[in-house]
Amino acid sequence: MAVYTEIADDEIDRFVSGYDIGAVLSFKGIAEGVENSNYLVVTETGPYILTLYEKRVDPRDLPFFIGLMEHLARRGLTCPQPVRNRAGEALGTLAGKPAAIVTFLKGMWIRRPRVDHCAAVGTALAELHLAGEGFALTRANALSVGGWRPLFDRSAARGDTVLPGLVAAIREELDVLEGAWPSALPSGVIHADLFPDNVFFLQNRLSGLIDFYFACNDFLAYDAAICLNAWCFEADGALNVTKARALLGGYQKVRPFTEAELAALPLLARGSALRFLLTRLYDWLNVPPGALVAPKDPLEYWRKLRFHQSVADVRAYGIGE
């Protein structure tokens, strides 16, 4: 979450007045993340999250995101629910941008995940994949392998200012992944961004998942590879194999990986690391003036990529032995 667009008191009052959630008592920006502008809004009926969708979100995708959250909740997954206004609409316009109000999910995200947190995330991810079955809408993953080179091209001119030699190394990795990327793995709805700040816990029990604005249709195991990178590396850049085993094992208790998925996991982990390296690199080089957002270090994912390049098979992640 982040704040790119400032909202005046009278603007938010007018917007919220179209909903049956009472008058606004307070609101404040949430200055985490890099994608949309988010506010915690407290009304007479309780707290809500107000999201303004910024330019990197295609408004044509919003019905997919809104509908998916409603579908997943009907299938038993705990996630925020869109609040519809008096006209029955989940989407409106605020400060000239598409906007939505969603329910507030209780809990806190974990700054230092333990092994048990990783196991719970693996289980929740598999439950999300099963709950997504039957969702009528589809959305291609614009940040899958076909989108990486165009994204890289937008940063290539200044990439070596972040790390000398980075541009040539990324070009080489793109050549490898574009040539070897799988084409026939089990697919479905994936979250595609299930980082620690998108998973809430209450008293060390997972209480729900948030931020579905990268959700799309892609390989299910690719989503597991994203979580492996997001949850199972320590601050010094080393993979915690115990955490990796717990996360992937928690997933397999709900939805076992196929043999093809297990064989592809090291490559999928490389692709996941490159994807976040590229988006972080672009954001690092292109912070909007005045934005209340701190860009994340792209080199964290360069180090993860380098690790996965050394992996021979899935046993390096603590499973498949």
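Q: Let's start with the surface: how much accessible area does the protein chain have, and what share belongs to carbon and sulfur atoms?
A: In this predicted model, the accessible surface of the protein chain is about 14,100 Å². Carbon and sulfur atoms account for 53% of that area.

Q: What does the radius of gyration say about the overall form of the protein chain?
A: The idea is to set the value beside that of a compact globule with as many residues. For 321 residues such a globule would come near 20 Å, and the protein chain has 20 Å, so the two agree. Along the principal axes, the C-alpha atoms fill a box of roughly 60 × 45 × 35 Å.

Q: And how many helices and strands should I look for in the protein chain?
A: You will find nine helices and nine strands. Among contacts between residues at least 6 apart in sequence, 72% join residues at least 24 apart.

Q: Could we take one helix, α2? Where does α2 lie, and what is its reach?
A: Helix α2 covers residues 62–74 and spans 19 Å from its first C-alpha to its last, close to the 18 Å expected at 1.5 Å a residue. Just after α2, glycine 76 has a positive phi of about 100°.

Q: How many residues of α2 are buried, and what covers them?
A: A residue counts as buried at under 20% relative accessible area. In α2, 10 of the 13 residues pass that test, so the helix is largely enclosed by the rest of the structure. Among them are Phe64, Phe65, Glu70 and His71. Their cover includes β5 (97–103), α3 (115–131), β6 (187–190) and β9 (216–219).

Note on methods: Residues are numbered from 1 along each chain as its sequence is written. This is a predicted model: local features need pLDDT of at least 70, side-chain atom pairs count only at pLDDT 80 or more; totals for chains, interfaces and linings use all residues. Side-chain values use heavy atoms; hydrogens and water are left out. Helices (H or I, at least four residues) and strands (E, at least two) are DSSP runs, numbered from the N terminus. The radius of gyration is taken over C-alpha atoms; the globule rule is 2.2 Å times the number of residues to the power 0.38. Contact means heavy atoms within 4.5 Å. Accessible areas come from the Shrake-Rupley method with a 1.4 Å probe; for residues, only the protein chains shown count as cover. The expected span of a helix is 1.5 Å times one less than its number of residues. Buried means under 20% relative accessible area, exposed over 50%, partly exposed in between (1.4 Å probe, protein chains only).
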